[in-house]
Amino acid sequence: MKKMIFIFLLSVISVYAYEELNISNFEDKIKGKNVIVDFYAPWCPPCKIVAGNLEDFSAKKPKNVEVYKVNVDDELTLAKKYGVTALPTLLYFKDGKVKKNYVGVLSSEELLEASNENFK
């Protein structure tokens, strides 16, 4: 039982490890940078897997890449603006413009490969 509680707490903590963006700070945070934005929902099991993979990725990510999260339950306007219709969705932004979007679970290795490809 203790192991299950620990795993649950770890998954909840990992969902909130990155800064959350909202409609009022989104544009400022992505402007002029290489950014990965994870559009997720707290109730989404694959989103929790991606959150863990993003944690692994953070140890080896390029220094010029920042990662943020958007909770689609709280920020439906942002999800609609960027055409997010499935979860999890990762949007890669370069200088404030969408470079590529990925739907589904990516491993930490795939995240690194996609970063190297999209942020040359």
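## A four-stranded sheet and two backbone oddities

In S3, Phe 93 is the residue that Val 35 has as its bridge partner. Keep in mind that you're looking at a predicted model. That residue pair is a handy way into the sheet, so to speak.

Val 35's partner sits in S3, and strand S1 (residues 34-40) pairs with strand S3 (residues 89-94) in the antiparallel sense, over six bridges. Now zoom out: the open sheet has four strands, and if you walk across them you meet S2-S1-S3-S4. The pairing in this sheet is mixed. At the edges you'll find strand S2 (65-71) and strand S4 (97-103), each of which pairs on one side only. Neighbouring strands are turned against each other by 20 degrees on average, direction ignored.

There's a helix to spot here as well. Helix H5 (residues 108-118) packs on the sheet and touches S1, S3 and S4. The direction of H5 makes about 30 degrees with that of S3.

Next, follow the backbone through two loops. Most peptide bonds are trans, and most residues other than glycine have a negative phi. Which peptide bond is cis, with omega near -10 degrees? The one from Leu 87 to Pro 88. As for Asp 95, this residue isn't a glycine, yet its phi is positive. Here are both spots with their angles and places:

| Spot | Angle | Place |
|---|---|---|
| Leu 87 to Pro 88 | omega near -10 degrees | Pro 88: loop between helix H4 (76-81) and S3 |
| Asp 95 | phi near 55 degrees | Asp 95: loop between S3 and S4 |

Conventions:
Residues numbered from 1 in each chain as written. Predicted model: local features only at pLDDT ≥ 70, side-chain atom pairs only at ≥ 80, totals over all residues. Heavy atoms only, no water. Pairing = 2+ DSSP bridges. Axes fitted to C-alpha atoms, helices over the stretch in contact; angles between N-to-C directions. Contact = heavy atoms within 4.5 Å.
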